Amino acid sequence: MAFHGKGSEYFKIQIVNAILNILTLGLYYPWAKERNLKYLYSKNTFEETPFVFSGTGNEMFKGFIKAFIILLAIYGAFLYFYLNDSPGWAFLILYGGIIGLMPLAIHGSYKYRMAKTSWKGIRFGYSGDRGQLMGLFFKGLVLTILTFGIYSAWFTINLRRYVLSNVRVGNARFVYTGNGGDYFWLNIKGYFLTLLTFGIYMFWWQKNQFEFFVNNLRLEQDEDAVFFTSKATGGGFAALMIVNLLILIFTFGLGYAWVVTRTAEFVVNNIEAKGYYSFESLLQSQQDYSDATADDMADLLDFGFVI
Amino acid sequence: MENNKALYYNGSSARPVEVRVLLFKNAVHLYDVSTDQFMQAFPLAGTWYNKVGENHFLYLDKKATEYLQFAIDHPLTVTLHKEVTEANMNWPQRLMKQRLLFLLGFLGLLLIAFYFLILSFVPWLGAKVIGIQQEIEIGDKLRAAMLAQARIVGEEQDTAGTRQLQAFANELALSRRYPIRVTLLKSKTVNAYALPGGNVVVYTGLLKKIKTPEALAALLAHECTHVNERHSLRSMLRSAATGIVVSVLFSDATGISAALVGNAQTLNGLRYSRSLEEEADHKGMELLLKNEVALDGMRQLMLTLKEEGDLPGNLSFLSSHPLTGKRLKEAERYIKDHPQKAVQRKDLQVVFERLKHTW
């Protein structure tokens, strides 16, 4: 894989987005998102073919309005019960509503983003089941609370495994094989070594997490498979993160565009694909899906796209 | 015509076929390589172009499932790129075409305009919407919160002193619109401040340093000007407006830039409050004039404050009050410009003595 984006190009996009955001008092946001994603996708190539993001600002604007109304309704119900002296119900609705929305946002967000991602003209897709994801989410949440957070490693990886294993590219599918136990020990080791080394080990911990993500992923179709491996090193992560931080500090945040392109370059260039697969045999087989409500909900609830 | 071949991906499989490409009537026309048979045409408006790595890509439909791939040195790419861009120019794209320097300048201007718009509009609207009665209620709530907070650090209200100080304030006509209620707080701090809606808080630390009724009257006149001119409310609305500006502009940027902007805002807020202090000194003396209190009280008050010491000169931009020396000069100039008959308000003297006797 390779990333060809340049900080200066992305910076220009950011500036134009900022101008239009001010002129429209923030309403340009969905179109700004379209521009950002289109640029980043188009500069990201696999086998010398770029990815394409075909979502539009119009779709995301509609989604944004819907997501906003849903959140407003929850907040309205909260206020209604709170002001009518039943704070119990009020908080139940507020927290219950927001927690309940999370798996829905993950599900819908993946459906939308995958349907709008294509490569060699072949759409990605997400075939997960909403009910199953919700079951997995609430089981994980309850167990995490009951075990005072210990279960969170299993919770994260179970969700990741479910979601990633349901990602399709045409007639090929991704498979994720990581398990919670390995992730738990990885983090325990990372945490204590980071403490012992006064934070220096943090970069190697980061490298291990990245490896855990990439190396457990493969793409398969019938008997063919492509395996992904990470080439990233702890030193590489250290250089990336320290320089990013310095860029942000010394440019007063204006260098954010370079931070994004540097990070994308690092991530993409450090993923290697090996295996037996003829990509020419990919066939268009995933449905298009244009409802961006959940994707915008994920933005509004402020949690990242990748799990 | 060998130089018009390209790879065509048809959106149903990832296996490309070779096609011939012709460009006319604002559309891309595709022909079969071996038979030269016409296959399909795509209007240029709606296509988009991507040049990445060693290849050029022309996406033929909005969903981008059908596209053409050209090698980087393909002779068609120059015209294609130009025509596709022209056919799809909307105005954000036109903006994209501008030079970076122009864009940065334009952004800067917009930022400044937007900043001043919000900064004057929100406080204006707030002051219109919030009535006197509501302002008084807000002030009372703030006073209760302030007292609760003071109690945590061991500062109690001096009830007897408060009563006497209130009696002193009642001797003066300080405000036409707001009921002036004073609170005397037991503390070593040399300070006093005004809350929205007529609450004035004075610390015993400052009161003990005040030697004459005129100086005390000057202090109250200064604080009550903050009340009358709604300074606290305006400051609060202003910082709320700043919050709006920061969150609109930096909602998608990093925490660092937001923090930096926040810092700059604090500094600017201090400058703003210095201008309010100057106004309070000035209008406070007008109040003294109206109450026939000797203007010298303001000069005495300034001297008292000056004893407390200023921040070193080069740190004066960090102070919410203008340097006392400067204020002292202003007061002296005002006194010179407004000669008074030497009146001594005996009634004030009496209440002042009573107040001083409470400790």
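Begin in chain B of this predicted model by selecting B:Ala27, whose bridge partner in strand 4 of chain B is B:Pro43. Extend the selection to strand 3 (residues 27–32) and strand 4 (residues 38–43) of chain B, and you have two strands that pair in the antiparallel sense over five bridges. Five residues lie between the strands of this hairpin, and among them B:Asp36 takes a positive phi near 60°.

Next, move to chain A and colour it by its domain assignment, which gives domain 1 as 1–53 + 249–268 and domain 2 as 56–248 + 269–301. The C-alpha centres of these two domains of chain A lie 21 Å apart, and where the domains meet, 27 residues of domain 1 are in contact with 22 residues of domain 2. On the domain 1 side that touches domain 2, the elements of chain A that each supply at least two residues are strand 1 (2–3), helix 2 (29–42), strand 3 (49–53), helix 9 (234–250) and helix 10 (256–269). Select helix 10 of chain A here, since the largest share of that side, nine residues, comes from it. Coloured by class, the same side of domain 1 of chain A shows 17 nonpolar, five polar and five charged residues.

Finish at helix 11 (residues 293–301) of chain A, which is largely enclosed by the rest of the structure because seven of its nine residues are buried. The buried residues of helix 11 of chain A include A:Thr293, A:Met297 and A:Asp299, and the buried residues pack against helix 3 (57–83) and helix 4 (87–115) of chain A. Just after helix 11 of chain A comes A:Asp302, whose phi is positive, near 65°.

Methods
Residues are numbered from 1 along each chain as its sequence is written. Chains are lettered from A and ligands numbered from 1 in the order in which they are written. This is a predicted model: local features need pLDDT of at least 70, side-chain atom pairs count only at pLDDT 80 or more; totals for chains, interfaces and linings use all residues. Domain bounds come from an automatic or database domain assignment. Two residues are in contact if their C-beta atoms, placed from the backbone, lie within 7 Å. Helices (H or I, at least four residues) and strands (E, at least two) are DSSP runs, numbered from the N terminus. Ala, Val, Leu, Ile, Met, Phe, Trp, Tyr, Cys and Pro count as nonpolar, Asp, Glu, Lys and Arg as charged, and the others, Gly among them, as polar. Two strands pair if DSSP finds at least two bridges between them. A residue is buried if 20 or more other C-beta atoms lie within 10 Å of its own, exposed if 12 or fewer, and partly exposed in between; C-beta atoms are placed from the backbone.
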